[in-house]
Every structure is written in C-alpha cells, then in structure tokens.
Amino acid sequence: MSWGIELWDQFDNLEKHTQWGIDILEKYIKFVKERTEIELSYAKQLRNLAKKYQPKKNSKEEEEYRYTACKAFLSTLNEMNDYAGQHEVISENMTSHITVELARYVQELKQERKSYFHDGRKAQQHIEICWKQLESSKRRFERDCKEADRAQQYFEKMDADINVTKADVEKARQQAQVRHQMAEDSRADYSSILQKFNHEQHEYYHTHIPNIFQKIQEMEERRILRIGESMKTYAEVDRQVIPIIGKCLDEIVKAAESIDQKNDSQLVIEAYKSGFEPPGDIEFEDYTQPMKRTVSDNSLSNSRGEGKPELKFGGKSKGKLWPFIKKNKLSLKLGAAPEDFSNLPPEQRRKKLQQKVDELNKEIQKEMDQRDAITKMKDVYLKNPQMGDPASLDHKLTEVSQNIDKLRLEAQKFEAWLAEVEGRLPARSDQARRQSGMYEAQNPTTVNNCAQDRESSPDGSYTEEQSQESEVKVLATDFDDEFDDEEPLPAIGTCKALYTFEGQNEGTISVVEGETLYVIEEDKGDGWTRIRRNEEEGYVPTSYVEVYLDKNAKGAKTYI
C-alpha cells in the first residue's frame with residue numbers, strides 16, 4: 001500500500017489532505033490549551049473557596065475551630081488546597097508535554113510538507129517543460145514534412161511543364177531537396193526529444209512522484225501516530241494525579257471520622273460554664289397566717305420572694321434583677337471591661353486569665369530568643385570587628401531586655417489574678433461552702449464586679465434577658481418596687497466584712513474589712529446580700545461577708 005503507486009495522479013488531493021491533517025493537529029492543540037486554562041481556573045476557584053472559609057486570625061471564628069467538627073472542616077479546606085494543586089499540576093504537565101511539544105512539531109511538520117510539495121511541483125514543472133518541447137518538435141517536424149511535400153509537388157509540376165526553363169526546374173529540384181533535408185532533421189530531432197520525454201515521464205511517474213508521495217505518506221503517518229501518543233499522554237497526565245487526589249479525599253474522610261460529638265459537647269461545657277450553682281426550690285408562703293421568716297439549710301434554695309412584705313401574683317413584672325445593670329451594660333459596650341476579666345463568671349474568668357498568661361509567656365520566650373540572637377551577633381562582632389560594631393547592638397539589647405521585664409511584670413500580675421481565682425482565698429469549712437451556694441475558691445477580685453456577671457455575653461455569663469425570664473417564671477417581685485418602698489426593711493441579722501469591697505456600680509455599697517453592718521435581705525442564690533449602714537443601703541457579694549441571722553432565723557450561717 002503506497003500512495004506513490006495508488007495515488008500517482010492525486011497530487012492536489014494529497015496536498016489538501018495533508019493540510020487538513022495539520023488543521024486537525026492544531027485543533028487538538030487548541031483543545032488541550034483550553035483544557036489547561038479550565039484546570040487553572042478551577043484550581044484558582046477552589047483555592048479562593050478554601051481561603052474564603054478559612055478562619056480569620058485573632059477572631060471568634062478561630063476559637064470555634066477547637067471543636068472536632070470545625071477541625072474536620074478546616075482539614076477539608078486544607079485538602080481542597082492540595083486538591084486544587086493537583087489540577088494545577090495537570091495544567092502544567094499538559095502544557096509542557098502536549099501543547100508545547102505539539103506546537104513545535106506542527107512547525108516542523110509544516111516545513112517538511114512544504115519541502116515535499118515543493119519537490120513535487122518542481123518535478124511537475126520539469127515534465128511539463130519536456131512535454132512542451134516534445135510538442136514543439138512535433139509541430140516543427142509536421143510543418144517541415146508538409147513543406148517538403150509541397151516542394152516536391154512544385155518540382156514535379158515544373159519538371160512536367162515544357163514551357164519552363166531548365167534553370168527553373170533545377171531550382172525547384174534543389175528547393176525540394178532542401179525541404180526534404182529539413183524534414184529529415186526535424187524527424188530526427190522529434191525522435192530524440194520523444195525518447196527523452198518518454199524517459200523523463202517514466203522517471204516522473206515511477207520514480208520521482210512515488211518517492212515524494214511515499215515521504216508525504218510517512219509524514220502523514222507520523223502525524224497520526226504523534227496525535228495518538230499525545231492523547232495517551234493526555235490520559236496519563238490525569239492518571240498520575242489520581243493517587244494524590246484519592247489521598248486528599250481519604251484525608252477528608254479521615255477528618256470526618258475524627259469528629260467526636262462527646263468531645264464537642266464537653267468543649268461547650270468548658271466554654272460556657274459559669275461556675276455558679278443553680279437556685280433551689282421556692283418555698284411556699286402562707287398568707288393566711290402572720291408571715292414567719294424561714295431560712296433553708298442552703299441559701300441557694302431560699303425563695304426569691306423571701307423577706308418581701310408581699311408577693312405580687314398576677315402583677316406585671318418588669319423583669320429586672322438589678323437596678324444597676326443598665327449602666328454597667330453601657331460601660332461594657334463602651335469597651336470598659338476590667339483588665340482582670342472580673343466581669344466574667346468564675347470559670348470563664350479563669351480560662352481568660354490562663355489564656356492571657358500563656359500569651360504573655362509566648363511573647364516573653366520570643367523576646368528572649370531575640371535577645372539571645374542579638375547577644376550571639378554581638379559576640380561575633382567582638383571576635384570579628386570588621387563584620388560590624390558591637391556597640392551598635394547595645395541599644396537594641398537594652399530595648400529587648402526592657403520589653404522582657406515589662407512582659408514579666410504583666411505576666412506576674414495576671415498569674416496573681418489566676419492564683420486568686422484558683423484558690424487563694426482563705427479556706428472555709430465544707431459546711432460553710434455548702435451554705436454559701438457560691439462556686440468554690442472564688443476570690444475578691446472575681447466578685448468585685450459580680451453584678452456584671454448578669455450581663456449578656458457569648459461566653460456563658462448570665463444575661464439580663466435570662467434573669468428576666470427566670471424572674472417571670474418564679475413570679476418574683478420587682479426590685480425596683482423595693483427601692484421605691486417608703487418604709488425601710490427591718491434588719492434580719494448582722495454581718496462582718498471579710499474583705500474590702502469597692503461598690504462602684506449602682507445599687508452596690510462599699511465596705512471595709514472588719515466592718516459590722518446590718519443584713520436586711522439575705523442571699524437568694526444570686527451571690528448578693530443586701531445590707532444597711534445607718535441610712536445607706538446596698539448590695540455586697542455574699543462571699544465578702546460573714547452573716548449572722550437573728551434569733552428568729554434558723555441559725556447563723558456563714559456565706560463564702
């Protein structure tokens with residue numbers, strides 16, 4: 001099967017076919033190029049998607065990724081980055097192994113095709129020239145033969161005419177001989193050119209054209225083979241990244257399987273646990289008999305309405321536990337949160353303090369590493385003065401040392417607060433702890449802003465709205481009504497201040513350690529006791545005072 005034999009007369013069609021083959025190759029190159037662009041675009045979109053859902057640094061979102069479900073999602077985002085990287089690899093490999101190689105091959109193929117068809121046209125032109133020469137010699141031979149015949153006929157006519165002179169006859173005879181000689185010469189020339197043309201034609205159709213067409217056939221077959229190899233490469237490029245993509249997917253599955261719902265539930269407890277104990281049951285008050293004040297064994301189980309002259313059933317409750325909440329809430333919104341986090345519940349405060357201590361320790365370690373590096377550089381300068389001036393580092397070394405001292409002082413301050421939260425208060429008896437109803441090991445600094453614990457916050461502290469809801473459920477009376485009472489409440493006992501308390505919030509009262517005051521309303525489970533000094537009344541943290549009820553109460557109780 002040879003194009004030179006089978007297609008000896010299809011020069012123009014072969015030229016069109018080979019051009020079509022190059023067009024097909026260029027179309028395939030364009031296809032692969034567009035595929036690489038799609039892969040790059042897809043990879044870019046995947047990376048942007050993963051980046052969009054990455055947690056922002058130093059934000060609340062970053063804290064959410066402590067949960068195993070969020071960690072699994074973060075792992076999924078990271079794997080999506082690797083997944084996108086494999087699509088970039090596909091694009092790069094297809095570009096280098098297919099697009100670039102085929103583009104170079106197409107240029108070479110065009111030059112080769114041009115050379116073969118140039119040789120073919122040259123051979124065609126040569127055989128056409130030979131054909132024209134043959135036609136010219138043939139026409140000349142034909143013309144000379146006709147001229148010789150006419151000259152012969154003229155001679156014979158002159159020779160037969162008796163009126164013609166002998167000289168005219170001789171002239172006609174010589175003319176006829178010349179014409180016959182010219183015809184013989186033309187015949188010889190025609191014969192020679194014919195033989196030459198036949199030889200050239202034979203060479204053209206049996207040697208030149210077959211060779212050229214055979215080369216064109218081989219060129220076309222190489223093109224077909226090359227495009228087939230490129231298609232295999234196209235598939236292999238995809239196949240090479242399948243294991244890595246599979247590994248990415250396996251890691252996503254592994255991350256999903258690592259989700260621990262119990263652990264996440266425990267983290268919720270750690271995040272929002274306040275450290276307070278729930279209030280006890282509300283006692284029944286019999287209004288058919290004169291009111292008798294009773295005190296439960298546990299102050300947290302006391303009725304919220306205890307000590308009130310009247311319980312308002314069906315009355316409209318304003319839902320306010322503390323009249324000083326509003327101002328405190330405003331101060332928090334304005335960014336006036338205390339540095340020691342005393343506005344938070346005990347457990348949340350401990351966590352915040354611990355976090356702050358860890359951050360400061362990291363900063364201290366960073367500064368110490370920097371100081372060590374500067375010290376080493378200074379030693380190098382001392383040993384090799386040509387490298388630098390050691391004195392130029394003294395200022396920086398002093399600055400770093402000052403930063404370390406400042407950070408250590410800051411860390412000591414927060415460690416002291418943390419130690420107070422974790423148990424620096426004087427130990428009380430177990431019975432007293434049970435009676436207090438407050439969390440264990442609470443320190444004065446923690447309770448200092450306990451009124452703010454009622455504030456709404458996302459980390460588990462009590463909210464005003466929650467207090468309102470609880471107030472409605474237990475049908476407690478409004479504290480505002482109490483402040484509006486014209487007659488002062490009677491004292492139900494006395495108390496001794498264990499610590500100094502600065503009552504800075506509205507509704508609180510300042511006390512000095514060792515001071516004795518009157519108790520006019522005991523702790524109802526919210527951590528506050530209402531006391532009186534002369535005509536001044538207000539609330540103090542129950543853990544700051546030791547309460548002694550009068551003889552009408554069930555007995556003196558200590559609140560810690």
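In this predicted model, Gly-493 of strand β1 has Val-519 as its bridge partner in β2, and that pair is a convenient point of entry to the sheet. Strand β1, which covers residues 493-497, pairs with β2 in the antiparallel sense, and four bridges hold the pairing. Both strands belong to an open sheet of five strands whose order is β4-β3-β2-β1-β5, with antiparallel pairing. The edges of this sheet are formed by β4 and by β5 (545-549), each of which has a single partner strand, so that one side of each is left without a neighbour in the sheet. From one strand to the next, the twist averages 40°. In a regular strand, side chains alternate between the two faces of the sheet.

From β2 the path through the sheet continues to β3. Strand β2 (residues 516-521) and β3 pair in the antiparallel sense over three bridges, and Glu-521 finds its bridge partner in β3 at Arg-530. The hairpin that these two strands form has six residues between the strands, and within this hairpin Gly-525 takes a positive phi near 100°.

How much of strand β3 is buried? Of the six residues in β3, which spans residues 528-533, five are buried, so the strand is largely enclosed by the rest of the structure. On the side of β4, the connection is made by six bridges, with β3 and β4 (residues 536-541) running antiparallel. One residue pair in this register is Arg-532 with Glu-537, the latter being its bridge partner in β4.

The turn from β3 to β4 deserves a separate look. This hairpin has two residues between the strands, and Asn-534 takes a positive phi near 55° there. Most residues other than glycine have a negative phi, and most peptide bonds are trans. Asn-534 has its positive phi of about 55° although it is not a glycine. Asn-534 lies in the loop between β3 and β4, and with a relative accessibility of 66% it counts as exposed, the cut-off for that class being over 50%.

The following loop, between β4 and β5, contains Ser-543. Is Ser-543 buried or exposed? At 5% relative accessibility, Ser-543 counts as buried, since the class requires a value under 20%. Ser-543 and Ala-497 are 46 residues apart along the chain, while their C-alpha atoms are separated by 9.3 Å. Ala-497 belongs to β1, whose residues are 493-497, and the separation therefore relates the loop between β4 and β5 to strand β1 across that stretch of sequence.

The helices come next. Two packed helices are described by the angle between their axes and the distance between the axes. For helix α2 (residues 11-52) and helix α4 (residues 68-160), the axes come within 8 Å and cross at roughly 165°. As angles over 145 degrees fall in the roughly antiparallel class, α2 and α4 are therefore roughly antiparallel to each other. The crossing by which α2 passes α4 is left-handed. Sorted by class, the residues in the contact of α2 with α4 comprise 25 nonpolar, eleven polar and ten charged ones.

Helix α2 also meets helix α5, which covers residues 166-257. Their axes come within 11 Å and cross at roughly 15°, and because an angle under 35 degrees counts as roughly parallel, α2 and α5 are roughly parallel to each other. The crossing of α2 and α5 is left-handed, and their contact has 15 nonpolar, four polar and four charged residues.

Two individual residues complete the view of these helices. Arg-35 is found in helix α2 and is buried, with a relative accessible area of 16%; its side chain is joined to that of Tyr-234 by a polar contact of 2.5 Å. His-206, by comparison, has its place in helix α5 and counts as exposed at 54% relative accessibility. His-206 and Trp-8 are 198 residues apart in sequence, yet in space the C-alpha to C-alpha distance between them is 8.6 Å.

How values were computed. Residues numbered from 1 in each chain as written. Predicted model: local features only at pLDDT ≥ 70, side-chain atom pairs only at ≥ 80, totals over all residues. Heavy atoms only, no water. Axes fitted to C-alpha atoms, helices over the stretch in contact; angles between N-to-C directions. Parallel < 35°, antiparallel > 145°, perpendicular 65-115°, else oblique. Left-handed = near helix turned anticlockwise from the far one by under 90°. Nonpolar A, V, L, I, M, F, W, Y, C, P; charged D, E, K, R; others polar. Buried < 20%, exposed > 50% of the residue type's maximum accessible area, 1.4 Å probe, protein only. Pairing = 2+ DSSP bridges. Polar contact = N/O pair within 3.5 Å; in protein donor to acceptor, adjacent residues only side chain to side chain.
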